[in-house]
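Subject: Structure handover

Hello,

Here is the structure I said I would pass on. Please open it alongside this email.

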Amino acid sequence: MKSQIVIVDDEPITRMDIRDLLCEAGFDVVGEASDGFEAIDVCRNYEPDLVIIDIKMPILDGLKASKIIKHDKLAGGILLLSAFNDLDYIQQAKDVGALGYLVKPLDEKSFIPTVEVAIARGQEINKLGNDYEKISKKLEDRKVVDMAKGLLMKDKKISEDEAYHMLRQLSMNRRCSMGEIARTIVIMYE
């Protein structure tokens, strides 16, 4: 499947040039925008693999739009563009979590490899984030299950094994996770 990309720049000619380069390389340009607000809307609609966004734009600039896109997980990654090789912009690009920073005019030889690497890094980062969330949820569930077991042991005067089996049986009967059952029990005993 082709990677989906959104291009954001207030200059229509720049967007057209970038689109042509990307399409020639086999990417799917699913949307374009001319300011940060449009960028956010387009990303909400398409959830692209990559957003290539200019920093300097009217209304809402690329850095602020990137913060929202990143925070709301509206795209796999962000590649920032600027006409300036400015250390302050580079630092701000790092701060918003951009996967790259390109200076216009774009060097055609390095543009496509940069896009490919940015998409790959974005996918890796997103996978790590998803894995982290799953592990965090499992850890949180385990803590809540232990708390619920303790409450059941104390209230019902049963062993830890019996409390665990009670939670497990409730989970199976109710067809929900042990974590959900445990949370209910903890709230019930508060």
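Below is what was found in it, starting with the sheet and moving outwards.

Please keep in mind that this is a predicted model.

The sheet

Five strands make up an open sheet, with parallel pairing and the order 2-1-3-4-5. At its edges are strand 2 (28-33) and strand 5 (100-103), each of which pairs on one side only. On average, neighbouring strands of this sheet are turned by 20° against each other, direction ignored. As background, the strands of a sheet pair through backbone hydrogen bonds, either parallel or antiparallel.

Strand 3 is a good place to begin reading the pairing. Strand 1 and strand 3 run parallel and are joined by four bridges. Strand 3 (residues 50-54) is also joined by four bridges to strand 4 (residues 78-82), again in parallel. To follow a line across these strands, start at Ile 7, which stands opposite Ile 52 in strand 3. Ile 52 in turn stands opposite Leu 79 in strand 4. Next to it in sequence, Val 51 has Ile 78 of strand 4 as its bridge partner.

Are the residues of strand 3 mostly covered or mostly open? Strand 3 is mostly covered, with five of its five residues buried. Leu 50, Ile 52 and Asp 54 point one way from the strand, Val 51 and Ile 53 point the other way, and all are buried. Strand 4 is likewise mostly covered: five of its five residues are buried. On one side of strand 4 these are Ile 78, Leu 80 and Ser 82, and on the other Leu 79 and Leu 81, so both faces are covered, given that buried means under 20% relative accessible area.

Just ahead of the sheet in sequence, Ser 3 sits in the segment before strand 1. Ser 3 has a relative accessible area of 16%, so this residue is buried. Apart from neighbours within four places in sequence, Ser 3 is in contact with Phe 27, Asp 28, Asp 49 and Ile 119.

Helices against the sheet

Helix 1 (residues 12-24) lies across strand 1 (4-8), strand 2, strand 3 and strand 4, and runs at about 170° to strand 2. Helix 5 (residues 108-156) also packs on the sheet, where it touches strand 1, strand 3, strand 4 and strand 5. The direction of helix 5 makes about 125° with that of strand 3.

Helix 2 (residues 36-46) has Gly 36, Ala 39, Ile 40, Val 42 and Cys 43 buried. These residues lie on the same side of helix 2 because they cover an arc of only 165° around the axis. In an α-helix there are 3.6 residues a turn, so residues three or four places apart point the same way. What do the buried residues of helix 2 pack against? They pack against strand 1, strand 2, strand 3 and helix 3 (62-71).

Both ends of helix 2 have a detail to look at. At the start, a side-chain oxygen of Asp 35 comes within 2.8 Å of the backbone nitrogen of Phe 37. Following helix 2 is Glu 47, which has a positive phi, near 45°.

An aromatic pair

How many aromatic pairs does a search of the whole structure find? The search finds one. It consists of Phe 84 and Tyr 89, whose ring centres are 6.3 Å apart and whose planes are at 45°, so the pair is tilted. Phe 84 counts as partly exposed because its relative accessibility is 44%. Tyr 89 has a relative accessible area of 15%, so that residue is buried.

Further along the chain

Leu 151 lies in helix 5. With a relative accessible area of 27%, Leu 151 is partly exposed. Leaving aside neighbours within four places in sequence, Leu 151 is in contact with Ile 185, Val 186 and Tyr 189. Leu 151 and Thr 14 are 137 residues apart in sequence, and their C-alpha atoms are 64 Å apart in space.

Ser 171 is found in helix 6 (residues 160-174). Ser 171 counts as buried, at 10% relative accessibility. Its contacts, again without neighbours within four places in sequence, are Cys 176, Ser 177, Met 178 and Ile 181.

Regards

Notes: Residues numbered from 1 in each chain as written. Predicted model: local features only at pLDDT ≥ 70, side-chain atom pairs only at ≥ 80, totals over all residues. Heavy atoms only, no water. Pairing = 2+ DSSP bridges. Helix = DSSP H or I, 4+ residues; strand = E, 2+ residues; numbered from the N terminus. Axes fitted to C-alpha atoms, helices over the stretch in contact; angles between N-to-C directions. Contact = heavy atoms within 4.5 Å. Buried < 20%, exposed > 50% of the residue type's maximum accessible area, 1.4 Å probe, protein only. Arc of directions from axis to C-beta. Polar contact = N/O pair within 3.5 Å; in protein donor to acceptor, adjacent residues only side chain to side chain. Phe/Tyr/Trp six-rings, centres within 6.5 Å; stacked < 30°, edge-to-face > 60°.
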